[in-house]
Amino acid sequence: MYWLINHGSKAFNKNINSVLKPFSEQLRTLNSNIQKLNASFDKQQANFERLEKRVDEHDRRLDRHHERIKNLFEKGEKE
């Protein structure tokens with residue numbers, strides 16, 4: 001009787017493991033892909049922040065040039 005229960009439980013565990021193994025591999029693959037996407041997202045976010053700083057710098061330069069041009073026109077009208 002003991003042998004029958006022991007053998008039955010081993011067969012049951014083997015069947016469960018064979019069914020769950022592909023699912024486990026899919027979960028590992030999914031986890032790996034998520035980690036890659038997170039790394040890519042972090043890189044894209046850093047690139048975006050760098051680009052945003054450059055755009056802000058160019059906006060400030062354009063504002064300064066606009067003020068200089070405005071001042072030149074105001075001086076020309078006074079003369």
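Accessible area here is worked out by the Shrake-Rupley method with a 1.4 Å probe.

**View 1. The whole chain of this predicted model.** The protein chain exposes about 8000 Å², and carbon and sulfur atoms supply 58% of that area. Take a moment to follow the chain from end to end: there are 1 helix and 0 strands. The C-alpha trace spans about 115 × 15 × 10 Å along its principal axes. For a compact globule of 79 residues, a radius of gyration near 12 Å would be expected, but this chain has 34 Å. Buried residues make up 0% of the 79 residues.

**View 2. A salt bridge between Arg61 and Glu57.** Side chains of opposite charge can pair when their charged atoms come close. Here the side chains of Arg61 and Glu57 meet, with 2.8 Å from N to O. Both residues belong to helix 1 and sit 4 residues apart, about one turn of the helix. Arg61 counts as partly exposed because its relative accessibility is 37%. Glu57 is partly exposed too, with a relative accessible area of 32%. Searching the whole structure gives 1 salt bridge, so enjoy this view!

**View 3. A negative patch on the surface.** Look for Glu49, Glu52, Asp56, Asp59, Asp63, Glu67, Glu74 and Glu77, which form this patch. One of these residues, Glu74, lies in helix 1, which covers residues 2-78. At 36% relative accessibility, Glu74 counts as partly exposed.

**View 4. Where the charges lie on average.** The protein chain carries 16 positive and 12 negative charges. Their mean positions are 16 Å apart.

Key. Residues are numbered from 1 along each chain as its sequence is written. This is a predicted model: local features need pLDDT of at least 70, side-chain atom pairs count only at pLDDT 80 or more; totals for chains, interfaces and linings use all residues. Side-chain values use heavy atoms; hydrogens and water are left out. Patches are made of residues with over 30% relative accessible area and no salt bridge: like charges are joined within 9 Å, nonpolar side chains (Val, Leu, Ile, Met, Phe, Trp, Tyr) within 5 Å. A salt bridge is a side-chain nitrogen of Lys or Arg within 4 Å of a carboxyl oxygen of Asp or Glu. Lys and Arg count as positive and Asp and Glu as negative; His and the chain ends are not counted. The place of a charge is taken as NZ of Lys, CZ of Arg, CG of Asp or CD of Glu. Helices (H or I, at least four residues) and strands (E, at least two) are DSSP runs, numbered from the N terminus. Buried means under 20% relative accessible area, exposed over 50%, partly exposed in between (1.4 Å probe, protein chains only). The radius of gyration is taken over C-alpha atoms; the globule rule is 2.2 Å times the number of residues to the power 0.38.
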